[in-house]
Amino acid sequence: MSAAVRSTVLALAGCFAALPAAAEGWSPGPEPALWSQTRQQLQASGAMTDRPWQFMEALETPAVMAGEYLSDRTRTTAGVEFEAALLLRRNGSEDWQVRELTMRALCNQQRLQRRSSDNQWLDYVGRDDTALKVAWICDVP
């Protein structure tokens, strides 16, 4: 992972840690209109893979706007694998950055991992509400 991507992931993990999650049974809220429009524009332009993305949560501050999405939850022997996307715009820039990666939820361990460019599973920076989100991710219909 490049230093820029690593610093982005770490910065967002710290920002999202401040977002509240329901004490019991977390689930994503509806996708706000701003994020729906942004996602659709990025998909139409080819900057984001055209697939059915589930809005997870977003952060909007004067310094950064970031939205998290997931798609294609698939149960595996290790847990649940899925595709994740981060939409990021910094300091009022007009340009959006899109980071897509393959992740998995280790259901029994209540933690997340991401697949690196060399196909290794690496622990993903946890947040206070990670266990609640892992439970939701692992509840594949």
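## Model and confidence

pLDDT is the predictor's confidence in each residue, on a scale from 0 to 100. For this chain, which is a predicted model, pLDDT averages 85, and 83% of the residues score at least 70. The stretch to treat with caution is residues 3-23, where pLDDT stays under 50, although the model has 33 contacts beyond four places in sequence for these residues. Where pLDDT is low, the predicted coordinates should not be read in detail.

## Overall architecture

The secondary structure comes to three helices and six strands, and along the sequence these elements follow the pattern α-α-β-β-β-β-β-β-α. The chain has 141 residues, of which 37% count as buried. Among contacts with a separation of 6 or more, 50% are made by residues 24 or more positions apart.

## The sheet and its helix

The six strands make an open sheet in the order β1-β2-β3-β4-β5-β6, with antiparallel pairing. At the edges stand β1 (54-60) and β6 (121-123), and each has a single partner strand, so one side of each is left without a neighbour in the sheet. Averaged over the sheet and with direction ignored, neighbouring strands are turned by 30 degrees against each other. Helix α2, which spans residues 33-45, packs on this sheet and touches β1, β2 (64-75), β3 and β4, while its direction makes about 70 degrees with that of β2.

## Strand pairing in detail

At one edge, β1 and β2 pair in the antiparallel sense over six bridges, and the two strands form a hairpin with three residues between them. Within this pairing, Glu60 has Met65 of β2 as its bridge partner, and Phe55 stands opposite Tyr69, likewise in β2. In a regular strand the side chains alternate between the two faces of the sheet.

Ten bridges hold β2 and β3 in antiparallel pairing, with Val64 opposite Arg90 of β3. The hairpin of β2 and β3 has four residues between the strands, and in it Gly79 takes a positive phi near 160 degrees. At the other edge, β5 and β6 run antiparallel and are joined by three bridges; here Arg115 stands opposite Trp121 in β6.

## Nonpolar cores

In soluble globular proteins, nonpolar side chains tend to be buried together. The largest nonpolar core of this model has 13 residues, and those with the most contacts inside it are Leu70, Phe82, Ala105, Leu112, Trp136 and Ile137. The elements that give two or more residues to this core are β3 (80-90), β4 (97-106) and α3 (130-138), and the largest share, four residues, comes from α3.

Trp136 touches several residues that lie beyond four places away in sequence, namely Trp26, Ser27, Pro28, Gln54, Met56, Leu70 and Arg73. A second core, separate from the one described above, has nine residues, including Trp35, Phe55, Met65 and Tyr69. Three of these names have already appeared in the pairing of β1 with β2, where Met65 is the bridge partner of Glu60 and Phe55 faces Tyr69 across the strands.

## The disulfide

The structure holds one disulfide, formed by Cys107 and Cys138, whose sulfur atoms are 2.0 Å apart. The link of Cys107 and Cys138 is left-handed, with -95 degrees about the S-S bond. Cys107 lies in the loop between β4 and β5 (111-115), whereas Cys138 lies in helix α3, so the pair ties together parts that are 31 residues apart in sequence.

The two cysteines fall into separate accessibility classes, for which the cut-off for buried is under 20% relative accessible area. Cys107 counts as partly exposed because its relative accessibility is 24%, whereas Cys138, at 12% relative accessibility, counts as buried. Helix α3 thus holds Cys138 of the disulfide and also gives four residues to the largest nonpolar core.

Terms used. Residues are numbered from 1 along each chain as its sequence is written. This is a predicted model: local features need pLDDT of at least 70, side-chain atom pairs count only at pLDDT 80 or more; totals for chains, interfaces and linings use all residues. Side-chain values use heavy atoms; hydrogens and water are left out. A nonpolar core is a set of buried Ala, Val, Leu, Ile, Met, Phe, Trp, Tyr and Cys residues joined through side-chain atoms within 4.5 Å. Buried means under 20% relative accessible area, exposed over 50%, partly exposed in between (1.4 Å probe, protein chains only). Contact means heavy atoms within 4.5 Å. A disulfide is a pair of cysteine sulfur atoms within 2.5 Å. Two strands pair if DSSP finds at least two bridges between them. Axes are lines fitted to C-alpha atoms, for helices over the stretch in contact, and angles run from 0 to 180 degrees between N-to-C directions.
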